[in-house]
Amino acid sequence: MSNVEKEAGPQGDDSPVSTTPPDAKKKREYKDFGHDEQKPTHANVDMSMIELKAEDLYDKEKVDLETIVVEDVFKLLQCDENGLTTDEANRRLEIFGPNKLEQEEQNAFLQFLSFMWNPLSWVMEGAALVAIALSNGGGLPPDWQDFVGIILLLFINSTIGFHEERNAGNAVKALMDSLAPKAKVKRNGQWQEIESANLVPGDMISFKIGDIVPADCRLTEAINVSIDQAALTGESLPQSKKEGDQCFSGSTCKQGEAEGVVISTGVNTFFGRAASLVGQDDDTTGHLQKILAQIGSFCLVSIGIFVVAEILVLYAGFRYSYRDGLNNILVLLIGGIPIAMPTVLSVTLAVGAQQLAKHKAIVTRITAIEELAGVTILCSDKTGTLTTNKLTIDKQTIRTYGPFSADDVILLAAYASRTENQDAIDASVVSALGDASRARAGIKLLDFKPFNPVDKRTEITYREESSGKIKRVTKGMTGIIIELCTRNKTEELENTLEADVEEFASRGLRALAVAYEEVEGDDAEAEGNGFELIGLLAIFDPPREDTKQTIDDALALGVKVKMVTGDQLAIAKETGRRLGLGDHMYPAKVLKDGPAPGGKHMTLDEMILDADGFAGVFPEHKYEIVKRLQGLGHLCAMTGDGANDAPALSRANVGIAVEGATDAARGAADIVLTEPGLSTIVHAIRGSRIIFQRMRNYSIYACAVTIRIVVCFAILAFAFRFNFPPFMVLIIALLNDGTIMTLSVDRVLPSMTPDSWDLAEIFSYAIAYGLYLTASTVALVAIILKTSFFHDKFGVTLPTSSSDYELHMIVYLQVAIISQALIFVTRSHGFFFMERPSYALMGAFCLAQLVSSIIAAYADWGFTQIHSISGGWIGIVWVWNILWFIPLDWIKFAMKATIIKKMRERHSRAVAAAAAETGLQITRTQSRAASIHESMYSNRVSFIRRAARKVGFGTKIMVKPEELQRFSSIQAQRTGATLARNPSRTPA
């Protein structure tokens, strides 16, 4: 992990003070935490039997290119240090393929058709077939008008949804294309720069400080090389690499220069082999799709009941003709299906994504916005997310020994640091000065020894300009520095140092010792008067400036934050204390061993819920934590920046990649932040809750309109043998859809607690509103047909029968106006006039009503059995609707005070009973319930890809851009173990 991370303490005797003679005194050990080195191996079979093809080279039962001696690597790859020729490289490119994972290009036509492939659309498509194929009875031609109208409605909705989704996909693709990496490679004996995708095994590559390693390689030359694997392993400090070591693609060179031979590219890298283990079919259904499925099922069941009732009553009871009965059934099918629901929700989410982008949050999976609104727990990685991933000197904890002050120690340590091409530690020391120029001010550099893995320290020899004296300063590992010291080195000093290092370690601070000596005369290479220990610096990864406020804001919004980090427990606790997150954290081993017997936690689930965080976790641990929390009914968000976070980012309901995240993390995430820190997440949570309210408002409205259309026209047919023309229901649906689209920019207030889909509430409101609006229409028709009230009071001409074309127009206008007006009731929590709608919604509503009124006044369409009505009737319908609209708010309040209140109380009792039974505060909501139809709402086009693979097409590993999260270079120990047991082979 670190070259300066320490555990201090004597090896044997428990007493800090040794009583043995000086010459027999045991050497103190300041342990360095590092990785076990792998020794070189040899091929398991005769190398002459191994051919230059993927099946042989990457079969670990024959040979392991990652560990065999470098000379054997050159033999196997049939190359040398002069690199490959262009012709040979092109030949190998044909054999091994490009150095990248093929991204699956989605067929645009299939993507468009997928918007017509769900149960709601199927019903409309069925209605279209009924209109064109089954409407030939009674000597009448097919119902072309209704057929064209239905198809037009389907195409309008699909086009809007396709346009929004395609735009989002193109934006992400453009982002990925802009990140295409380059590599420096030796071809034809000359160094040149090419795209990393064109690298092949056997290529000689070169990289230096700041470069990203372009492919898995073995180093043939390494000059003071340090590789940052934080993105892969979560470690804060870079790893030193020497000749013969392996470097994985995706890691970053932080120091030095290196040359290496490429051993694997593309699908044969660790990255690619992991990809081959992952199932190709991602047939999971998103959270929003489950909700859509259940709302769709509610509408379909409602329609189905009344369609069956109409078939029985109209045909068996009233002896309707074939065509008249079919028209009545078409009215229920067309009017009852909320065909625009997927599109309205997609547009609402797309507009919301654009609004979140203003807060520097790019949404890559649009339905994640809805899930973010309901998130109850935010699992956050530490390194680079809660902290800066930039080492810093903690000035408050500096220990000094001797006459030097803390500022003096920092200044002398800065002298012993590089000012250019710095590693992470040198940069932290120099930046602690405030002004980097002070690191060389007032001194003349005579000699500098940079850090190397053997000495594990830096050293500077310089002449002090003010006095002319030559001085020497060194800094590095505590154990190394204290061994160098000879001046003023006492048993008491060593005991103090040991205690200080142990204290630092217990708080998760890394120790860096500093020593100083003077050199007599003018010879810079002469021996000095002996190093004296002058100070101990504490290095840590500090929290981001806004992290504490962000955590407080998240808690205020009802979201609990848990730290999940690969760093040590002491470091995690120290970070938790500084952030006010709490230090109630556990090591990752408890996830396997469970809570300690006799402890305060009875089960592992209880411990995970109670913990402030976990330390020392591997990717599979993060994945397990998220999975268990989801199993308890929580919606989880996971933040991270490294490839090691990718599996958990993918598993979480909402994966959030912070600014500066790796490609693997960005690919796994649903939301990518482009601004440092977590404050953007609070904006995103608030924004998502606004979007959620818009979707909930629409859902109540859509379900209410379904009940209103289906029940209303069924009752009218049963009571008055009223045959409403199907084409006019299409007009109502078209105007409704146009108006409701503007809900995506409506003004609403976010809730201060996590949102959840309580579908029982939505359906209850919908039934109440729907039945009330049904009563408004049935009452109007009854008064018109059974009384002369309107003729007596207003002098209008009364329709003569239930099949009168003018009555059809009166009913059309009444249904169109009050159905749309319902949205103002569903969007508000109090009286509708207390919460101003957006100008767009109000304008669209007024325009739709104007169009409806014009149609009522002038339309004389014989093909659809309507006739224009007088201005008197239009005025009567408007006044009638206003009178019936006013009590709608009181229905809402009555529902809240009775049925909704009882439902919430029953839900609370169920949660309390579950908590009492299990000891866990389970927050399972009805939104988590699966629907038997939910899979029908996912993209069904995937079956074409599966069929193609079954018959042998598409042998390349094809990975969706959003699926790339699973395939990091080093993903998990579990993946590595699986790969060792199951060597990956590229299909021949």
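**A predicted sheet and its strands**

Colleague: Which residue stands opposite cysteine 379 in strand 20?

Modeller: Lysine 562 does, in this predicted model.

Colleague: What makes strand 12 and strand 20 a pair?

Modeller: Pairing takes at least two bridges. Strand 12 (residues 377-380) and strand 20 have four. Therefore they count as paired. They run parallel.

Colleague: How do you know that strand 20 and strand 22 pair?

Modeller: Two bridges join them, in the parallel sense. The cut-off is at least two, so they pair. Valine 564 stands opposite phenylalanine 614 in strand 22.

Colleague: What makes strand 20 mostly covered?

Modeller: Buried means under 20% relative accessible area. Four of the five residues in strand 20 (560-564) are buried.

Colleague: Where does strand 20 sit in the sheet?

Modeller: Eight strands form an open sheet, in the order 11-25-24-23-12-20-22-21. Strand 20 stands between strand 12 and strand 22. The pairing is mixed.

Colleague: Why are strand 11 and strand 21 called edge strands?

Modeller: Each pairs on one side only. For strand 11, three bridges join it to strand 25, and the two run antiparallel. There, valine 363 stands opposite isoleucine 671.

Colleague: Which helix lies across strand 11 and strand 25?

Modeller: Helix 25 (residues 679-720). Helix 25 also lies across strand 12, strand 23 and strand 24. Its angle to strand 25 is about 140°.

Colleague: How do you know that the length of helix 17 fits its residue count?

Modeller: Helix 17 has 16 residues and reaches 22 Å from its first C-alpha to its last. The expected span at 1.5 Å a residue is 22 Å, so the reach is close to it.

How values were computed:
Residues numbered from 1 in each chain as written. Predicted model: local features only at pLDDT ≥ 70, side-chain atom pairs only at ≥ 80, totals over all residues. Heavy atoms only, no water. Buried < 20%, exposed > 50% of the residue type's maximum accessible area, 1.4 Å probe, protein only. Contact = heavy atoms within 4.5 Å. Axes fitted to C-alpha atoms, helices over the stretch in contact; angles between N-to-C directions.
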